[in-house]
Amino acid sequence: PMPIEDLWYKNAIVYNLDLETFMDSDGDGVGDFEGLVRRLDYLEALGIDTLWLAPFQPSPNRDNGYDISDYYGVDPRHGSGGDFVEFMHQAKKRGLKVLIDLVVNHTSDQHRWFQAARKDPGSRYRDWYVWSETRPPDADEGMVFPGVQHTTWTRDEAAQAYYFHRFYHFMPDLNLQNPEVRTEVRRIMGFWLELGVAGFRVDAVPFVLETPAPGAPEPALQFGYLYDMRRFLQWRAGDAILLGEANVLPRESKRYFGAAGEGMQMMFNFWVNQHLFYALATAEVGPLLDALRATRRLPPTAQWGQFLRNHDELDLGRLTAEQRQAVFARFGPEEHMQLYGRGLRRRLAPMLGDRRHLELAYSLMFSLPGTPVLRYGDEIGMGEALALPERAAVRTPMQWSDEPNAGFSTAEKTVHPAIAEGVYGYANLNVAKQQRDPASLLNWMARLIRLRKECPEIGWGAWEVLQTGDPRVLALAYTWRGTAVVVVHNFDERPCEVRLRAEVPGGERLLDLLTEDESRADASGRHRLLLDAYGYRWLRAGGLNYALQRSRA
Ligand code: NOJ
């Protein structure tokens, strides 16, 4: 009984970018809204229909903008409020939806609320943060950035007290138990919704839902607050969504979605992401299959965001130590590639190296149950800059051309230097070059995105695992409204042949959507499929006419 096709996010193609490093229009070395507007045609042509913008509000920028000092503006480095509205207009004209980050677990320590709170115990903002007169006994626990961050409680001289910060010390946590703070969060959401955003990527959700009291045991997560947020969102905008960042266990994720879908519509599937990297590193598909099954059951209105890389380290903290070691060994053996003891500060292309392996990974991202979320620059296979500190390694300027600063900026010095050396350097690797090369990763990716759009079964349908008997091969079938597609992936560096039964509508004939091949089931009802090294196949059951005739509006 649900109007399924209204749920636009179930079959969207999301592109994540950071204003700062995308396109600089005024030559000050920092990307801006006007620059982004100039690139909207590129994004539209690639097949993107939803943008997720990293924080662009005023910020001292000590955590890539996740340290916000004013929720109601645009950092002057990126333009003005007027530029934002013009950008929204241009995005809308092209049918692009815009998600923005909602970072309300903490503010910057430069935010006027915090400044008022620390200077005056009688300030109305004092209780907007979390204080303790003495250093809590667990002050050196629960750091999110171990090795870089040394405590979660820091003393402030002006306040004569310790304040709680889940992340860096310059990002004090807001006290979301305080009803005034909750009202303010609604105001922030309402503000940006009124300007036309399609929803929010909610930063650090588990931490938003818990506010520690000094010295007390772990507080329970306040899911009621999340459901309140969702209700407010929908009052203001019926089709807006929450896309949550919560790297939690599969059973925990249920409460974030809500038993009846009253929580967030979308969450990033960190669980599948980590097991996918394990499968890519070892060709052992079993744990990935388990992860897919463990995250299978969702309320009908909910959807996973499937991603490969984002702006943070590739977090492998949910794998077993042995599994993590296997991924480190293959994709990040050197210590300076690793971060916080749990992850890799690398881009996808240099980790995988081999073009065929890269295609396998993207083919998976676009065909696993959920909505694909692509990281800017990954469509051309950008590399990382390990000389930069921490996560900045994966945040270098977009490589548009072989001109200075990769065509990103005409400034002498840019916010981060564009990658200039070697095969990943912009002289060799850039959009302009790949646009003219029919065999480029960029053109391959645009083709794949088009293919994904031709297979609505993936976003809407029910999926099942097809048995191949080969532990290195993943075969999934999606069925929706009487039609089906089958996707098969070979994780091994050697070619193989699998036999499988496709017990889906039209499954006796499988038409390959990327080559001229087709397969008819043999007398025993089985298909014989050949897969190249790291090979992948997208197959439509019954053929194209079969699907066209059967699909019902
Ligand atoms: C998660 C974001 O992805 C990360 O970049 C940031 O540092 C933390 N949240 C704190 O906002």
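Helices and strands are taken here as DSSP runs, numbered from the N terminus, and by that count Asp522 sits in the loop between strand S20 (518-520) and strand S21 (526-531). I keep in mind throughout these entries that the model is a predicted one.

**Entry: Asp522**

I looked up how open Asp522 is, and at 30% relative accessibility it counts as partly exposed, because that class lies between the cut-offs of 20% and 50%. I also looked up its separation from Val144, and the C-alpha atoms of Asp522 and Val144, which are 378 residues apart along the chain, are separated by 54 Å.

**Entry: the whole protein**

I noted 18 helices and 22 strands in the secondary structure of the protein. The radius of gyration is 24 Å, close to the 24 Å that the globule rule gives for 553 residues, so I put the protein down as being as compact as a globular protein of that length. Along the principal axes, the C-alpha trace spans about 80 × 50 × 45 Å.

I then turned to burial and contacts. Of the 553 residues, 63% count as buried, and the accessible surface comes to about 21,600 Å², of which 50% belongs to carbon and sulfur atoms. When I took the contacts between residues at least 6 apart in sequence, I found that 68% of them join residues at least 24 apart.

**Entry: the largest pocket**

Rolling a probe the size of a water molecule over the atoms shows where empty space is left. I looked up the largest pocket and found that about 790 Å³ of space lies in it. Which of its 38 lining residues are the closest to the centre? They are Val144, Phe207, Glu245, Asn247 and Asp315, and I recognise Val144 as the residue whose C-alpha atom was compared with that of Asp522.

I recorded that helix H7 (205-208), helix H10 (270-282) and strand S11 (314-315) each supply at least two residues of the lining of this pocket. Sorted by class, the lining has 16 nonpolar, 7 polar and 15 charged residues.

**Entry: the cavities**

A search of the whole structure gave me 3 cavities of 30 Å³ or more, and about 60 Å³ of space lies in the largest cavity. The residues lining the largest cavity include Asp18, Glu20, Phe56, Asn61, Arg77 and His78. By class, I have 2 nonpolar, 6 polar and 4 charged residues in the lining of the largest cavity.

**Entry: Thr211, after helix H7**

I went back to H7, since Thr211 lies in the loop between H7 and helix H8 (223-236). Is Thr211 buried or exposed? It is buried, because its relative accessible area is 13% and the cut-off for burial is under 20%. Not counting residues up to four places away in sequence, Thr211 touches Val130, Asn175, Leu176, Gln177 and Pro219.

**Entry: helix H11**

In helix H11 (residues 286-294) I listed the buried residues as Pro287, Leu288, Leu289, Ala291 and Leu292. What covers these buried residues includes H10, helix H12 (321-331), strand S15 (462-465) and strand S16 (473-480), and H10 is a helix I had already met in the lining of the largest pocket.

**Entry: Ser409**

I found Ser409 in the loop between strand S14 (371-375) and helix H15 (431-435), where it is buried, with a relative accessible area of 4%. The C-alpha atoms of Ser409 and Gly35 are separated by 9.4 Å, although these residues are 374 apart along the chain. Leaving aside neighbours within four places in sequence, I have Ser409 in contact with Asp24, Gly27, Gly29, Pro404 and Thr414.

**Entry: two positive phi values**

Most residues other than glycine have a negative phi, and most peptide bonds are trans. I therefore noted Gln160, whose phi is near 55 degrees, a positive value in a residue other than glycine. The place of Gln160 is in the loop between strand S5 (153-156) and strand S6 (161-164).

Tyr340, which is not a glycine, has a positive phi of about 55 degrees, and I place it in the loop between strand S12 (338-339) and strand S13 (343-344). At 9% relative accessibility, Tyr340 counts as buried.

**Entry: Val488**

I ended with Val488 in strand S17 (residues 483-490), which counts as buried at 0% relative accessibility. Not counting residues up to four places away in sequence, the residues that Val488 touches include Val473, Leu474, Leu500, Leu529, Tyr536 and Leu539. I also noted that the C-alpha atoms of Val488 and Val498, 10 residues apart along the chain, are separated by 9.6 Å.

Note on methods
Residues numbered from 1 in each chain as written. Predicted model: local features only at pLDDT ≥ 70, side-chain atom pairs only at ≥ 80, totals over all residues. Heavy atoms only, no water. 1 Å grid on protein atoms, 1.4 Å probe; cavity = no way out; pocket = protein on both sides within 12 Å on 5 of 7 lines; lining within 4 Å. Points joined across faces, edges and corners; volume = space filled by probe spheres on them. Helix = DSSP H or I, 4+ residues; strand = E, 2+ residues; numbered from the N terminus. Nonpolar A, V, L, I, M, F, W, Y, C, P; charged D, E, K, R; others polar. Buried < 20%, exposed > 50% of the residue type's maximum accessible area, 1.4 Å probe, protein only. Contact = heavy atoms within 4.5 Å. Rg over C-alpha atoms; globule rule 2.2 N^0.38 Å. Areas by Shrake-Rupley, 256 points an atom, 1.4 Å probe, with all protein chains shown as cover.
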